[in-house]
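Thank you all for making the time this morning. I would like to walk you through one model, slowly, and I will keep to what can be read from it.

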Amino acid sequence: MDLHYLHPIYAQPGPWASVYLDASRNDESGDREVALRWRALAARLEAQGADQPTIDVTGEALLNYPNQEGRYGLAAFARAGRVALVEPMNAPPAADEARYSELPHAMPLVALRGEDIPYVRVIADRAGADLEGLAVATAPRLREVDRTVRGGEQFPLHKARSGGQGRVGDTQSIDDVWKHNAGDVAAATAELAEAVGAEVVVVGGDVSTVPMFVAKLPKRWQQRVVRTDAGSRGGGADEEALDDVTIQAIADLADRHAQEAIDRYQTQRGENVSATGLPDVVSALQRRQVETVLMVNDLSSTDTLFVGLDDPSLLAVDADTLRSEGVEDPLRVRADQALLRAIEGTDASLVLVGPDEVPLEHGIGAVMRWADRPPAV
């Protein structure tokens with residue numbers, strides 16, 4: 001998974017207030033319950049030494065965040081009286097949590113958010129098509145983002161429409177009209193897919209018109225199409241079935257990405273060029289050599305690392321290593337805090353795995369961008 005969405009909290013110095021809140025509102029008393037949960041978290045931040053302006057702005061951001069349906073959580077990160085990031089989570093945190101520390105505590109967010117898969121969805125019938133493109137989507141519930149950036153401009157992606165309606169008396173049949181419109185819709189879909197960097201194109205709607213549309217897509221997008229007969233331009237109950245197909249397509253693609261990383265790690269391990277275990281992975285991150293970190297998210301871990309705050313690649317298992325690199329006062333932090341910062345800051349990616357999915361020494365390993373050359377004889 002790409003961690004660049006965390007850049008706002010790694011681009012600024014700490015200390016940071018990191019808060020995880022169950023923001024679910026199941027009935028009329030929901031607002032009061034959320035406010036009470038926040039009050040308990042605010043007291044924890046105060047006890048850890050957080051300044052009052054930072055506590056206040058964090059509470060404002062959490063309590064004023066737009067309500068969502070169902071059960072969900074919010075993660076907020078703030079420093080020096082300003083909120084840098086507020087993220088919704090597809091499920092409530094395992095427990096409400098508040099930490100005030102030099103580095104942000106981002107692992108619970110990363111674990112719950114999962115991998116972002118940009119996608120385009122098309123609902124087509126003989127009268128035209130509705131296009132929707134999301135730059136961010138995560139399973140199990142789609143998290144809607146209806147704008148993206150192209151050339152420095154924002155433009156809406158929802159409800160871009162193309163197509164016409166055949167009428168009785170027209171010289172062309174409805175089929176002929178759709179054959180013409182299918183090319184226009186395919187062009188608009190390709191443009192939208194390019195804009196959001198789509199990894200999957202979900203196509204639903206009328207089964208007799210969808211093949212014509214798909215056939216007119218450029219080959220690269222045809223290869224990413226997932227077809228379904230669910231969905232209609234009128235919406236309604238059929239929309240839920242289309243959501244289910246989309247969610248499954250996104251989850252399948254995320255699983256495929258993870259398996260590809262595991263396979264590469266296993267191959268490199270057989271060639272004795274992968275990194276395995278905390279010291280090896282830390283050393284590779286120092287050299288900016290890591291392409292993907294594979295890690296078991298162990299909530300009970302008490303591992304720590306030493307970091308220098310000026311550079312995310314300044315991390316080590318012991319303080320003397322950093323002192324030799326010119327860091328006068330290395331800071332001891334949670335290992336996962338240091339690792340996430342280093343992964344994002346060195347343009348690596350992360351795959352969270354189960355403890356039995358792949359053999360990892362101490363629950364961590366890395367796929368390398370390049371292998372170290374053996375010493376000259």
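What follows is a tour of two sheets, the helices beside them, and a handful of individual residues.

Before anything else, please keep in mind that this is a predicted model, in which local features are discussed only where pLDDT is at least 70.

Let me begin with the four-stranded sheet, which is open, has the strand order 3-2-1-4 and is antiparallel in its pairing. The edges are taken by strand 3, residues 82-89, and strand 4, residues 97-101, and because each of these has a single partner strand, one side of each is left without a neighbour in the sheet. If we ignore direction, neighbouring strands here are turned against each other by 10° on average.

Within this sheet, strand 1, which covers residues 16-22, and strand 2, which covers residues 73-79, are joined in the antiparallel sense by six bridges. To place one position in that pairing, Asp 22 has Gly 73 of strand 2 opposite to it. As a general reminder, strands of a sheet pair through backbone hydrogen bonds, in either a parallel or an antiparallel arrangement.

What links strand 1 and strand 2 at the level of side chains? Here we find an aromatic pair between Tyr 20 and Phe 77, edge-to-face, with 6.1 Å from centre to centre and 90° between the planes. Since Tyr 20 belongs to strand 1 and Phe 77 to strand 2, the pair ties together parts that are 57 residues apart in sequence. Both Tyr 20 and Phe 77 are buried, and the count of aromatic pairs in the model comes to one.

Two helices lie across this sheet, and I will take them in turn. Helix 2, residues 30-47, lies across strand 1 and strand 4, and it runs at about 155° to strand 1. Helix 3, residues 52-63, lies across strand 1, strand 2 and strand 3, with an angle of about 150° to strand 2.

Helix 3 deserves a closer look through one of its residues, Thr 54. Is Thr 54 buried or exposed? Its relative accessible area is 0%, so Thr 54 is buried. Once neighbours within four places in sequence are set aside, Thr 54 is in contact with Ala 17, Ala 78, Arg 79, Ala 80 and Gly 81.

One of those partners, Ala 80, sits in the loop between strand 2 and strand 3. Ala 80 has a phi near 50°, which is a positive value in a residue other than glycine. With a relative accessible area of 55%, Ala 80 is classed as exposed.

Moving on to strand 3, I would point to Val 83, which has its place there. Val 83 is partly exposed, its relative accessible area being 32%. Its contacts, again leaving aside neighbours within four places in sequence, are Val 57, Thr 58, Ala 61, Phe 77 and Ala 78. For Ala 61 we can add that it stands 22 residues from Val 83 in sequence, while the two are 7.5 Å apart in space from C-alpha to C-alpha.

Going back towards the start of the chain, Gly 14 and Pro 15 are joined by a cis peptide bond, with omega of about 5°. Pro 15 is located in the loop between helix 1, residues 7-10, and strand 1. There is also a charge over a ring to note, as Arg 113 lies over the face of Tyr 5 at 3.6 Å from the ring centre.

Let me turn now to the other sheet. It is an open sheet of three strands in the order 15-14-16, with antiparallel pairing. Strand 15, residues 315-316, and strand 16, residues 331-334, are the edge strands, each pairing on one side only. Strand 14, residues 304-307, and strand 16 pair in the antiparallel sense over four bridges, and Leu 305 has Val 333 in strand 16 as its bridge partner. Helix 11, residues 335-345, packs on this sheet and touches strand 14, strand 15 and strand 16, its direction making about 95° with that of strand 16.

I will finish with His 362, which is found in the loop between strand 17, residues 349-353, and strand 18, residues 364-368. His 362 has a positive phi of about 60°, although it is not a glycine, and it is exposed, with a relative accessible area of 55%.

Notes. Residues numbered from 1 in each chain as written. Predicted model: local features only at pLDDT ≥ 70, side-chain atom pairs only at ≥ 80, totals over all residues. Heavy atoms only, no water. Pairing = 2+ DSSP bridges. Contact = heavy atoms within 4.5 Å. Axes fitted to C-alpha atoms, helices over the stretch in contact; angles between N-to-C directions. Buried < 20%, exposed > 50% of the residue type's maximum accessible area, 1.4 Å probe, protein only. Phe/Tyr/Trp six-rings, centres within 6.5 Å; stacked < 30°, edge-to-face > 60°. Lys NZ or Arg CZ within 6 Å of the ring centre and 35° of its normal.
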